[in-house]
Amino acid sequence: MDATRDVAVIVGSLRKDSINRKVANALVELAPAQLKLAIVEIGQLPIYNQDEDANPPAAWVTFRERIKRASAVLFVTPEHNRSVPAALKNALDVGSRPYGQSAWNGKPGAVVSASPGAIGGFGANHHLRQSLVFLNVPTLQQPEAYVGGADKLFDADGKLANDGTRKFFGQFMEAFAAWIATNAKS
Ligand SMILES: Cc1cc2nc3c(=O)[nH]c(=O)nc-3n(C[C@H](O)[C@H](O)[C@H](O)COP(=O)(O)O)c2cc1C
């Protein structure tokens with residue numbers, strides 16, 4: 001029996017009706033039982049400013065502590081202007097500081113990007129991976145997950161309504177669970 005793992009899920013969209021939040025909810029539902037996934041909100045985080053490091057906002061402290069408690073991190077993000085949404089980049093920056101105390105360090109991760117567009121947020125997915133290299137987040141390589149046409153995948157209740165995508169998401173989460181088992185430190 002594999003160890004239970006606490007996985008922080010970061011959604012890169014702040015939108016109430018976010019497609020990426022629906023994708024995240026579907027991934028949570030389809031994950032193997034040993035993964036305990038929970039969305040960690042980022043919309044409340046003040047924009048990072050190094051001047052605040054000596055006396056950080058409470059929201060930064062809570063967020064950093066929550067990420068530190070997690071064994072792994074799953075990012076589910078839209079693409080904004082071919083890159084990572086500002087809110088998600090801010091969360092990465094907040095979690096990475098103060099210098100030498102990054103909450104992300106060494107936690108295995110995975111990236112899913114979703115868009116109504118055909119290329120499924122490829123640009124955001126890979127810009128995020130660039131930051132994750134520096135943040136020392138060993139990131140699942142295969143399968144890659146660029147979810148195109150994502151606005152067509154959900155029913156009126158926000159439930160995944162596409163069998164092919166359901167199968168793929170299940171396989172993706174199995175691969176992520178194996179990746180965590182190999183790479184997690186806690
Ligand atoms: C500021 C902004 C920039 C966008 N840039 C892109 C883009 O580069 N590529 C893309 O596929 N979609 C882009 N979109 C469209 C988003 O994919 C679309 O709004 C999607 O629904 C966002 O995901 P969400 O539903 O999870 O918020 C952009 C949307 C906004 C608001």
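## Exercises on a predicted model

Arg82 is found in the loop between β3 (72-77) and α3. Keep that residue in mind while working through the exercises; the model is a predicted one.

**Exercise 1. Work out what is unusual about the backbone at Arg82, and which peptide bonds are cis.**

Step 1. Start with the norm: most residues other than glycine have a negative phi, and most peptide bonds are trans.

Step 2. Now look at Arg82, whose phi is near 65 degrees, a positive value in a residue that isn't glycine.

Step 3. Move on to the peptide bonds. Arg97 and Pro98 are joined by a cis one, with omega about 0 degrees, and Pro98 sits in the loop between α3 and β4 (109-114).

Step 4. Gln142 and Pro143 are also linked by a cis peptide bond, omega again being about 0 degrees. Here the loop with Pro143 runs between α4 (122-134) and β5 (146-147).

**Exercise 2. Describe how α2 packs on α3: how do the axes cross, and which residues make the contact?**

Step 1. Take helix α2 (residues 58-69) and helix α3 (residues 86-96): their axes come within 9 Å and cross at roughly 80 degrees.

Step 2. Angles of 65 to 115 degrees count as roughly perpendicular, so α2 is roughly perpendicular to α3.

Step 3. Pick out the touching residues. α2 brings Trp60, Phe63 and Arg64, while α3 brings Ala91, Val94 and Gly95.

Step 4. Sort them by class, and you get four nonpolar, one polar and one charged.

**Exercise 3. Do the same job for α3 and α4: are they roughly parallel or roughly perpendicular?**

Step 1. The axes of this pair come within 12 Å, crossing at roughly 5 degrees.

Step 2. Anything under 35 degrees counts as roughly parallel, and therefore α3 and α4 are roughly parallel to each other.

Step 3. For the contact, α3 supplies Leu88, Lys89 and Leu92, and α4 supplies Leu128, Ser131 and Leu132.

Step 4. That contact divides into four nonpolar, one polar and one charged residues.

**Exercise 4. Map the surroundings of the ligand: which residues are around it, and what are they by class?**

Step 1. List the shell. Ser13, Arg15, Ser18, Ile19 and Asn20 are around the ligand, along with Pro78, Glu79, His80, Asn81 and Arg82, plus Ser115 and Pro116. Arg82, the residue with the positive phi, is thus back again, as one of the ligand's neighbours.

Step 2. Tally the classes: the shell has three nonpolar, six polar and three charged residues.

Step 3. Find the polar pairs. A side-chain N or O atom of Arg15 is 2.7 Å from an oxygen atom of the ligand. A polar backbone atom of Ile19 is 2.9 Å from a ligand oxygen. With Asn81, a backbone N or O atom lies 2.8 Å from a nitrogen atom of the ligand.

Step 4. Finish with the cover: on its own the ligand has 620 Å² of accessible area, and the protein covers 68% of that.

Technical notes
Residues are numbered from 1 along each chain as its sequence is written. This is a predicted model: local features need pLDDT of at least 70, side-chain atom pairs count only at pLDDT 80 or more; totals for chains, interfaces and linings use all residues. Side-chain values use heavy atoms; hydrogens and water are left out. Axes are lines fitted to C-alpha atoms, for helices over the stretch in contact, and angles run from 0 to 180 degrees between N-to-C directions. Helices (H or I, at least four residues) and strands (E, at least two) are DSSP runs, numbered from the N terminus. Angles under 35 degrees count as roughly parallel, over 145 as roughly antiparallel, 65 to 115 as roughly perpendicular and the rest as oblique. Contact means heavy atoms within 4.5 Å. Ala, Val, Leu, Ile, Met, Phe, Trp, Tyr, Cys and Pro count as nonpolar, Asp, Glu, Lys and Arg as charged, and the others, Gly among them, as polar. A residue is near a molecule or strand if one of its heavy atoms lies within 4 Å of it. A polar contact is a pair of N or O atoms within 3.5 Å; within protein, one must be able to donate a hydrogen and the other to accept it, and residues adjacent in sequence count only if both atoms are side-chain atoms. Accessible areas come from the Shrake-Rupley method with a 1.4 Å probe; for residues, only the protein chains shown count as cover.
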